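Here are my notes on this model, as numbered points. Please read them with the structure open.

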Amino acid sequence: MSAGATAGRAADPAQEARRRRTFAVISHPDAGKSTLTEALALHAKVISEAGAVHGKAGRRGVVSDWLEMERTRGISITSAALQFAYEDCVINLLDTPGHADFSEDTYRVLSAVDSAVMLLDAAKGLEPQTLKLFDVCRHRGIPVITFINKWDRPGRDALELCDEVQERIGLRPMPLTWPVGESGRFRGVLERSSGEFVGYERTSGGAAIASEQRLSPGEARAEVGADWDRAVEESDLLSASGGDFDAEAFHAATATPVLFGSAVRNFGIGQLLQQLVALAPRPEPRPDVRGRPRELDAPFSAFVFKVQTGMDPSHRDRVAFARVCSGAFERGMVVTHAATGKPFSTKYAQHVFGQQRDTLDLANPGDVVGLVNATALRVGDTLYTGKPAVEYPGIPSFAPEHFAVVSTTDPGRSKQFRRGIEQLSQEGVVQVLRSDKRGDASPVLAAVGPMQFEVAMHRMENEFRAPVRMEQLPYSVVRVLEDDQQRALADGRRSEVLDRADGTPLVLFASEHEMRTTQRLHPELKLSPVVGAQ
Ligand code: G4P
């Protein structure tokens, strides 16, 4: 799976970092993320025929879904990284959950990338999940490349789609290619940098790399006719209205390069890869908790952005995914766990994508290391070797909007229930809130998206064998209670105070209105929005 990307011993991590492109695809479900992943891997020759990494139910191949629930429902909830070599670069594609329900996992994955590809369905344009994911990118200043997919079938007008990107998310579109032939009659693209026509030929079902034909503008005019003329006209229009590529604006995340294609037909995928290599930002020195950037060639350091258990049904293991920030990682090295100061052995380091795992021997800044049996590691933790010691800022946990009280239906399994809840809390599958009033037997689960509850319930029953009952609570607004002494004021008929795993007291309200009413009654109440590490 690593396609030789990490083969050999890296002499210079800073130089290796320059070859890295670490990104995620953000899209609404069904826009074609799994298909695009396959197509990218196919172009990089990781797999010989598209279909091998597809995650949808009923299709062949290795999947990026490893829970049974994911398989049966054909969705991808968990995330990992696909690594492959392309030209002189090493591409790390981090998988983000694809379901409409949002989860914290998605935010965390986006904390570990340097850029994102926003995948749009040509017939649908910007959809709710794309918008939410894009908000996270904006928040983090992540540069975004836009790929307008499914151009092989009827959809919307290309100019109209670009306008939508500009108007709804405020990113100035800078098309690098422009479609020749409206959606549904896709002949190829006008490559705007060279002015040449790149024509695509269909292969059966897009299972292999589509062959490309390059024509000069004169040849294209003779061969393609009116569709070519129209593409040239529209491209000129774009140039006149500020739609030409501007690297600075892209890196500042105020403008987005746009490409057109069809993942299923393998059209435009080569161009996307080339642009990722040419334009996408490479790993930069990451600032530590005190804001001092750690140089790429400093000794090894990484931060954990995701923890997952039960990935391999035959081994009840726990894998922590860490993004390397500086230095070279070599399997077997003993690193320091910054949170505890304790040593951590990396004997079992892996590349993980879907059900496929390879032993990973070497990794460089920008790469993702899967650390097996990582019971001590939590999301946000830093690992490092050598001096100086380093600690990176934690990953912000987003304000949950869904709350449910959970208890086991089998009193004989209460020990397993407690262990399972603790595990899910540590992994960040859900946040676990507790209060003396509710007790340990019925904690409150908090989630960004309700899908997280389903995952939690499924895992409690199948992994920990503790059947649970869940009851949604009528809260939707949460605030941090700044002064612990004010608990009694905040605990009301339609509000409740609970403690987060890190000890922070939170107040849950039924609505914004309820919160305002409580604040009017008790103007001295000190509340603040939920931000910061869990
Ligand atoms: P997701 O991971 O973003 O959820 O999307 P996925 O790749 O599974 O694609 C969703 C559907 O869109 C699939 O069809 C897929 O074949 C189709 N698709 C993806 N890219 C393109 C494209 O460029 N053009 C066209 N026409 N379709 C595309 P499906 O009906 O759900 O599955 P299948 O029966 O085709 O396998």
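1. Start with helix H10 (residues 269-279). H10 lies across E1, E2, E3, E5 and strand E11 (255-260), at about 155° to E11. Helices (H or I, at least four residues) and strands (E, at least two) are DSSP runs numbered from the N terminus. Contact means C-beta atoms, placed from the backbone, within 7 Å. Axes are lines fitted to C-alpha atoms, for helices over the stretch in contact; angles run from 0 to 180 degrees between N-to-C directions.

2. Ground rules. This is a predicted model: local features need pLDDT of at least 70, side-chain atom pairs count only at pLDDT 80 or more, and totals for chains, interfaces and linings use all residues. Residues are numbered from 1 along each chain as its sequence is written.

3. Helix H2 (residues 33-43) also crosses strands. H2 lies across E1, E2, E3, strand E4 (115-121) and strand E5 (144-149), and runs at about 155° to E1.

4. The sheet beneath these points has seven strands. It is open, with mixed pairing, in the order E2-E3-E1-E4-E5-E11-E6. Strand E2 (81-86) and strand E6 (172-175) are at the edges with a single partner strand each, so one side of each has no neighbour in the sheet. Neighbouring strands are turned by 30° against each other on average, direction ignored. Two strands pair if DSSP finds at least two bridges between them.

5. One pair in detail. Strand E1 (residues 20-27) and strand E3 (residues 89-94) run parallel, joined by five bridges. Arg20 is opposite Val90 in E3.

6. A second open sheet has four strands. The order is E7-E8-E9-E10, and the pairing is antiparallel. Its edge strands, E7 (177-180) and E10 (212-215), each pair on one side only. Four bridges join antiparallel E9 (residues 196-200) and E10. Tyr200 has Glu212 in E10 as its bridge partner.

7. Which residues come nearest the ligand? Of the 19 around it, they are Gly32, Lys33, Ser34, Thr35 and Ser262. Near means a C-beta atom, placed from the backbone, within 6 Å. H2 gives the largest share of the shell, three residues.

8. Thr96 deserves a look. UniProt (unreviewed entry) places a "binding site" at Asp95, Thr96, Pro97, Gly98 and His99; such annotations may be inferred rather than shown by experiment. Thr96 sits in the loop between E3 and helix H4 (104-110). Why is Thr96 classed as buried? Because 24 other C-beta atoms lie within 10 Å, and the cut-off for buried is 20 or more (exposed is 12 or fewer, partly exposed in between; C-beta atoms placed from the backbone).

Notes
Two residues are in contact if their C-beta atoms, placed from the backbone, lie within 7 Å.
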